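Biologist: Please take a close look at one part of this model, the salt bridges, and say how they are arranged. Add a short word on a proline as a point of reference.

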Amino acid sequence: MGKRLAVLVLLVWGLAAFAQGNRPFAGASLVFQWVEGTPLTSLMLQAGSYNLGGGFGARANVGIGISPNFLELGADLLFPLSAGRLLPYGGIGANWVGLGALNFFGIRGLAGVNYSTASDSGLFAEAVPTLYLASDATGIYGTAFGIQIRFGVNYLF
């Protein structure tokens, strides 16, 4: 029940950002992730906006593990560093990675760049270092460090 509620909350947050921003986006990316040296590859779907007003944006994402099978949910606040076709940005966020009976709850920072093409699409790349709290059925048992490298495309509305 808790996971379903978390998915619903993140999707609503992403759709709210999507609906309010003057440049909302939806997109997909290929994610290469390493947690304490263990590789996790996924396809990530995301929605949000780079500009919600006040100099920040937001997005929500859902990752589906390709190798191995896992689910990832995340939400980020984005801080654009300039305007125009080449948009560097930073951000902070939180995520959850469910890997079978093992759960990782993370706090992350991110640095990325989005390049808007002549059409309404954009190409982006990100580096996302994350500090995780790891838990299983017996409780919380430690911390782990992870990093993600993301490459993808967004459709700007």
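**A proline, then the salt bridges**

Modeller: Pro 88 counts as partly exposed because its relative accessibility is 28%. The model is a predicted one, and the remarks below apply to that prediction. Pro 88 sits in strand β5, which covers residues 86–99. Apart from neighbours within four places in sequence, its contacts are Pro 80, Leu 81, Ser 82, Gly 112 and Val 113. Ala 111 is 23 residues from Pro 88 along the chain, and the C-alpha atoms of the two are 7.7 Å apart.

Now the salt bridges. Searching the whole structure gives 5 of them. A network of salt bridges links Arg 59, Glu 72, Asp 76, Arg 108, Glu 126 and Arg 150. Three of the pairs can be followed one by one, starting from Arg 59.

Arg 59 is paired with Asp 76, with 2.9 Å between the closest N and O atoms. This pair links distant parts of the chain: Arg 59 belongs to strand β3 (residues 56–67) and Asp 76 to strand β4 (residues 71–80), and the two are 17 residues apart. Arg 59 and Asp 76 are both buried.

Arg 59 also forms a salt bridge with Glu 126, and here the closest N and O atoms are 2.7 Å apart. Glu 126 is in strand β7 (residues 121–136) while Arg 59 is in strand β3, so this salt bridge ties together parts separated by 67 residues in sequence. Glu 126 is buried, as is Arg 59.

From Glu 126 the path goes on to Arg 150. These two form a salt bridge whose closest N and O atoms lie 3.0 Å apart. Because Glu 126 is in strand β7 and Arg 150 is in strand β8 (residues 139–156), the pair ties together parts 24 residues apart in sequence.

The accessibility figures for this last pair can be given one at a time. Glu 126 has a relative accessibility of 3%, so it counts as buried. For Arg 150 the value is 0%, and Arg 150 therefore counts as buried too. The cut-off behind both calls is a relative accessible area under 20%. Pro 88, at 28%, counts as partly exposed.

To put the path together: Asp 76 pairs with Arg 59, Arg 59 pairs with Glu 126, and Glu 126 pairs with Arg 150. Glu 72 and Arg 108 are also among the residues linked in the network.

Conventions. Residues numbered from 1 in each chain as written. Predicted model: local features only at pLDDT ≥ 70, side-chain atom pairs only at ≥ 80, totals over all residues. Heavy atoms only, no water. Salt bridge = Lys/Arg side-chain N within 4 Å of Asp/Glu carboxyl O. Helix = DSSP H or I, 4+ residues; strand = E, 2+ residues; numbered from the N terminus. Buried < 20%, exposed > 50% of the residue type's maximum accessible area, 1.4 Å probe, protein only. Contact = heavy atoms within 4.5 Å.
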